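Work through the exercises below with the model open beside you. Try each task before you read its solution.

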Amino acid sequence: MSEHGGTVTGADLALTADGLLLRPWREEDVPALLEAYDDPVMRQWVRLPVSTPEEATRWLELQREGWASGTRFSFAVTDVSRGGELVGNLALKRPGPGPERAEVGYWTAAWARGRGVAPRALEALTAWAFAAFAEEGLVRLELLHQVDNVASCKVAEKSGYAFAELLDALPPEFPLDGHLHVREAPSAP
């Protein structure tokens, strides 16, 4: 794992998690990204549609911009045992208001669901985030999902993100109530 030293750059950062490799997104990921977004189950949960090569290119650019600004660290999740097959996306979002908290988000491609991809990848991201941003004061990671997204709730629980509160809907972007799950930084020995 890479350490955070002032500025995190995504060009060469990679995390591993029990047969998975989390790495920055690349241009050659566009076909697999389009295939993943072709899944109607996934499309109901994501906010930015990706259905054309142009939208996929713009999505990749947003990921690069997030790394450059230090506000969003997005990883392509690949399965090493399957030749580097794209199996998901994981992101650490640091929009503010302070350095003590950040949000995690993820999706798993339809063909990889049921293989424990999201909990394994989320555990690697969680460990990296707490280590990389400890000096900046990161002590809390938050995971949010709509109440009807049962799969995300299970991933949160498996990954040690405890249910914290029920969030009111904020239509139109968030038409249903949501769950807030939280994981606190490990205590120093």
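## Exercise 1: Strand β5 and its partners

β4 and β5 run antiparallel and pair over six bridges. The model is predicted: local features need pLDDT of at least 70, side-chain atom pairs count only at pLDDT 80 or more, and totals for chains, interfaces and linings use all residues. Residues are numbered from 1 along each chain as its sequence is written, and side-chain values use heavy atoms, with hydrogens and water left out.

**Task.** Place β5 among its neighbours: which residue of β5 stands opposite G88, and in which sense do β5 and β6 pair?

**Solution.**
1. Fix the terms. Two strands pair if DSSP finds at least two bridges between them. Strands (E, at least two residues) and helices (H or I, at least four) are DSSP runs, numbered from the N terminus.
2. Start with β4. G88 stands opposite T108 in β5.
3. Turn to β6. β5 and β6 pair in the parallel sense, over four bridges. E103 has E142 in β6 as its bridge partner.
4. Check the burial of β5. Six of its eight residues are buried, so the strand is mostly covered. Buried means under 20% relative accessible area, exposed over 50%, and partly exposed in between (1.4 Å probe, protein chains only).

## Exercise 2: The β1–β2 hairpin

**Task.** Trace the pairing from β1 through β2 to β3. Which residue of the hairpin takes a positive phi?

**Solution.**
1. Strand β1 (residues 15-17) and strand β2 (residues 20-23) run antiparallel and are joined by three bridges. L15 has L22 in β2 as its bridge partner.
2. Two residues lie between the strands of this hairpin, and D18 takes a positive phi near 40°.
3. β2 also pairs with strand β3 (residues 72-79), in the antiparallel sense over four bridges. L21 is partnered by T78 in β3.

## Exercise 3: The two sides of helix α5

**Task.** Sort residues of α5 by burial. Which elements do its buried residues pack against?

**Solution.**
1. List the buried residues of helix α5 (residues 150-158): S152, C153, V155 and A156.
2. Look down the axis. These four lie on the same side of α5, because they cover an arc of only 160° around the axis. The arc is that of the directions from the helix axis to the C-beta atoms.
3. Recall the geometry. An α-helix has 3.6 residues a turn, so residues three or four places apart point the same way.
4. Turn the helix over. The face away from the buried side carries the exposed residues A151, E157 and K158.
5. Find the packing. The buried residues of α5 pack against β5 (101-108), α4 (117-132), β6 (140-146) and β8 (178-184). Contact means heavy atoms within 4.5 Å.
6. Check the end. Just after α5, G160 takes a positive phi of about 80°.

## Exercise 4: The largest pocket and the largest cavity

**Task.** Describe both spaces. Which element gives the most to the lining of the largest pocket?

**Solution.**
1. Define the spaces. On a 1 Å grid over the protein atoms alone, a cavity is a set of points where a 1.4 Å probe fits but cannot get out; a pocket is an open set with protein on both sides within 12 Å along at least five of seven lines; lining residues have an atom within 4 Å of a point. Grid points are joined across faces, edges and corners, and a volume is the space filled by probe spheres set on the points.
2. Take the pocket. The largest pocket holds about 1,400 Å³. It has 50 lining residues, and W45, Y106, L144, N149 and S152 are the closest to its centre.
3. Name the main contributor. β5 gives the most to this lining, with six residues.
4. Classify the pocket lining: 26 nonpolar, 13 polar and 11 charged residues. Ala, Val, Leu, Ile, Met, Phe, Trp, Tyr, Cys and Pro count as nonpolar, Asp, Glu, Lys and Arg as charged, and the others, Gly among them, as polar.
5. Take the cavity. The whole structure has one cavity of 30 Å³ or more. Residues lining the largest cavity include G88, Y106, T108 and A121. β4, β5 and α4 each give two or more residues to this lining.
6. Classify the cavity lining: seven nonpolar, three polar and no charged residues.

## Exercise 5: A histidine in β8

**Task.** Is H179 buried or exposed?

**Solution.**
1. Locate H179: this residue is found in strand β8.
2. H179 counts as buried, because its relative accessibility is 17%.
3. List contacts, leaving out residues up to four places away in sequence. H179 touches, among others, L144, H145, C153 and E165.
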